[in-house]
Amino acid sequence: MIQQKLAEKLTILNDRGIGMLTRIYNIKKACGDPKAKPSYLIDKNLESAVKFIVRKFPAIETRNNNQQLAQLQKEKSEILKNLALYYFTFVDVMEFKDHVCELLNTIDACQVFFDITVNFDLTKNYLDLVVTYTNLMMLLSRIEERKAIIGLYNYAHEMTHGSSDREYPRLGQMIVDYENPLKKMMEEFVPHGKSLQDALVSLQMVYPRRNLSADQWRNAQLLSLISAPSTMLNPAQSDTMPCEYLSLDTMEKWIVFGFILCHAALNSDPAALSLWKLALQSSSCLCLFRDEVFHIHKSAEDLFVNIRGYNKRVNDIRECKESALSHAGSMHRERRKFLRSALKELATVLADQPGLLGPKALFIYIYPFSKFFPNFLTIWLVAKHIAELIFYMEELRAHVRKYGPVMQRYYVQYLSGFDAVVLNELVQNLSVCPEDESIIMSSFVNTMTSLSINANDDVFLRLADHRELGKMMNTIIFHTKMVDSLVEMLVETSDLSIFCFYSRAFEKMFQQCLELPSQSRYSISFPLLCTHFMSCTHELCPEERHHIGDRSLSLCNMFLDEMAKQARNLITDICTEQCTLSDQLLPKHCAKTISQAVNKKSKKQTGKKGEPEREKPGVESMRKNRLLVTNLDKLHTALSELCFSINYVPNMMVWEHTFTPREYLTSHLEIRFTKSIVGMTMYNQATQEIAKPSELLTSVRAYMTVLQSIENYVQIDITRVFNNVLLQQTQHLDSHGEPTITSLYTNWYLETLLRQVSNGHIAYFPAMKAFVNLPTENELTFNAEEYSDISEMRSLSELLGPYGMKFLSESLMWHISSQVAELKKLVVDNVEVLTQMRTSFDKPDHMAALFKRLTSVDSVLKRMTIIGVILSFRSLAQEALRDVLSCHIPFLVSSVEDFKDHIPRETDMKVAMNVYELSSAAGLPCEIDPALVVALSSQKSENISPEEEYKIACLLMVFVAVSMPTLASNVMSQYSPAIEGHCNNIHCLAKAINQIAAALFTIHKGSIEDRLKEFLALASSSLLKIGQETDKTTTRNRESVYLLLDMVSESTPLLQDKTEQFKMVCNHILCRHIFLRQTCTL
């Protein structure tokens, strides 16, 4: 028997059988999919030929049917090429069948002894081969297109080569014979009945003991390490060690298919009948291969009903069917319920004491996971808590992988220190031992004795025919597997790659898991199961490797993405709640409370009687008892459960791809945080409404506080999220090309607030450092002061940061540059008059005549006022930025300020501009605005020479100076000491004049001081002229206009010689004192 090498042949054929099953399964799925089906089977031109071939199969007739086969003649070469893989797969099945039949005959001839409790591996491989062979022939018979494929190929072969393929006659006959595979195999296995019956009946010592109810498991304290603390360190032993981790599903397949093939044993052997009934009562169907199932009772009844004398067996099947339908579902449900608690306890104990993995390794493998799911067609109906069970299984698998060296060390010592001694005694006590066997057994003993902790040699052992020795060898084999094959054992006992073929049920289970708060902490089980999928591939079918790999990647990605989305939604809900609570603390909500307090003190009765008192912030934190659960509590509980799952593993490998669950959450938080920040601005383009910066800042801080708390649940860097999101919000567009709060607020301030200032509805009040609404007929929808006071501007600076404020400044400067461009056009239109006025300021009569020739005087003043308003708004923004940065980076700001203040005046202008740019970025005021210089520099025209540009700049200052007296006739030009300005914003002219002059003459490299002196000379001359006017209409607000000149002279830091300046303005200073005295008297 040794020369026959039965064990080797069984091992090879079992592996090849799985490969053939895989190939046949893929052919069946391809033929069932219209997209993947061979095109020749659905080609309308070949339809008649295919029907003819199937009808005549396996006969071949090519001479009398030329019309039907004419189209086939044209396609013969392509058919041979494209159907070769299918055809030769069927040929391989036939060859596999021949090898199996030959091996089964050899086993019968050798009278091999089979007993699962003694020669486990040989018996298991024999039963596996029988079941694999049966499954293969059944699966082959389920391919409806098998005759068409084989027939088409053979006809094409004959048309090409003039003869049929040499394998076709036998292959065609096999296809016909196995139309009803079980019936054919029942006849085929009559000679093999004795060997098969012996192997199956040996399960009577294993299967009934394993197929117990949950109550029996519970009473026996199954899988409990702490039920008997005194024996906790004792090795878990059994006379049938390999049988303890043998799958119930596998044994049920052996019993059902085995006794169908050798059904005579059911009438002659009570033990066989008992096993048969017990297996039929356990479930209603078996997994044939992947998602192909076998309905036990119907198929068995159809086979037995036509056999004479099998009425009792048919009745047994019907009774077992009723029992399975009424009790099997609840039995498996209760088993899963018990195993959830048992595996949880086992995983917890082993996590705390991993050393127990050595003596208690059998507990890890004792109940292979595949038996928990006897019926995959209905699994989703009872799968509410499946995730928890899978989770504990994955936790045990992780313990084995992590502490594998501990287990290997333990069993190396166990093999050399105990197993070798016991085996040696058994060998010495053998009454009969041939010399060859004696040499082999002595070699086993010597090899095991020589094992050491550092040895990596594989131990090869075989079984003998003696029961005690066989049992000992089974135990030794298990121990050697604990040394060399830990991962293979995990795959054998807990592989759930079958879920790959039940993707819809799998996804439904996952959705149910997420929906149940108590199960969401176990949702990581589903992506972890995707790591199993590649173990179902086989080297004989490499083409499906990419398909299954892609499916595992897509499912894993989908599961992790959904988990991250669920966590993100919970976090968003918590943030919404917290933002609502923070909103209650805003100052605007305290007005009613203050009013009630004042009225209560003055004993005034206001409001309706019975009006409910408004709840004060913080009431939600007052609890009368611990049983009171708020919505926020539920959200936090659900989030902590889900985050536990996301944080369970740092990463996982799926088909050579690494998945990091925490990165999914980080990515979703970044996207949601970005959308939330923009959403909280509540910008409405139609009504031009937007949230106040201070309110947005409060909401953002509340949101960030919640996000920071996520670090308590998941090990993620939330600071990275803040940096990525908030830095993007300081730019014009985010990474997805969407508008940011920087662009929204910049547009709003420019297009809404400042536009209303230009329209005369809002004025800038220097005393309040804010823009304030003016009383008009059409009331504005917003209060300008609530968006532009110092606190709001500081909040805006906090939100936008230096980058965002720089973008705001650049946008403001772009508007200023467009106004300057228009002013230059007006200067060009009046260039001759302005040139004469520039040199005639001391000739009043001539100046008056020239002034009448000027055009667009009002437009010049209006545009300069707009420039001044924009610059005033920018100064508020810069001051706010400086205040914010002084709080965050005081040492850096003070260094920049010190650097700016001590730059020598003789410093090169390029160097000075670099310093000014740095200072401006920190919010510090500069003599020359670098942003304005850059904006105006871009206006240089190639058609105009630098000298001409310089002249236009000089004349622009002249134009403004000589136009100022016209302001006195405007009703709105009256100066108000309360606001330190004018209601028509002409007080902003001073800032516009100084900043524009500084920028223009820096660009054209002129003397800023000289040009300002020239401006003051022209302006003072023009203003003093209106003192001689007698028309009250034109001079109604001349005193207020006089003050403008003082504002210009006082607001510029660029005039070094204040003496000349004082002489020029002394006249209107007197007027200013008179005006102020009159105002005070009134």
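**Close-up of Cys 983, a partly exposed cysteine in this predicted model.** Cys 983 has a relative accessibility of 27%, so this residue counts as partly exposed. Looking for a bonding partner? The closest cysteine sulfur belongs to Cys 988, and at 12 Å from the sulfur of Cys 983 it is too far for a bond.

**Close-up of Cys 530, a buried cysteine.** Here the relative accessibility is 0%, and Cys 530 therefore counts as buried. A disulfide is a covalent bond between the sulfur atoms of two cysteines. To be counted as one, the sulfur atoms must lie within 2.5 Å. The sulfur of Cys 530 is 4.9 Å from that of Cys 556, which holds the closest cysteine sulfur, so the pair is too far apart for a bond. By this rule, the disulfide count comes to zero.

**Close-up of Glu 244 and its contacts.** Glu 244 sits in helix α12, which covers residues 241–244. With 7% relative accessibility, Glu 244 counts as buried. Its side chain makes a polar contact with the side chain of Arg 209, at 3.0 Å. Leaving aside residues up to four places away in sequence, Glu 244 touches Arg 209, Arg 210, Ser 238, Leu 362, Tyr 365 and Ile 366.

**Close-up of helix α16 and its buried residues.** Helix α16 runs over residues 296–304, and its buried residues are Ile 296, His 297, Ala 300, Glu 301, Leu 303 and Phe 304. Look down the axis of α16 and you will find these buried residues within an arc of 160 degrees, so they line one face of the helix.

Definitions and conventions. Residues are numbered from 1 along each chain as its sequence is written. This is a predicted model: local features need pLDDT of at least 70, side-chain atom pairs count only at pLDDT 80 or more; totals for chains, interfaces and linings use all residues. Side-chain values use heavy atoms; hydrogens and water are left out. Helices (H or I, at least four residues) and strands (E, at least two) are DSSP runs, numbered from the N terminus. Buried means under 20% relative accessible area, exposed over 50%, partly exposed in between (1.4 Å probe, protein chains only). A polar contact is a pair of N or O atoms within 3.5 Å; within protein, one must be able to donate a hydrogen and the other to accept it, and residues adjacent in sequence count only if both atoms are side-chain atoms. Contact means heavy atoms within 4.5 Å. The arc is that of the directions from the helix axis to the C-beta atoms.
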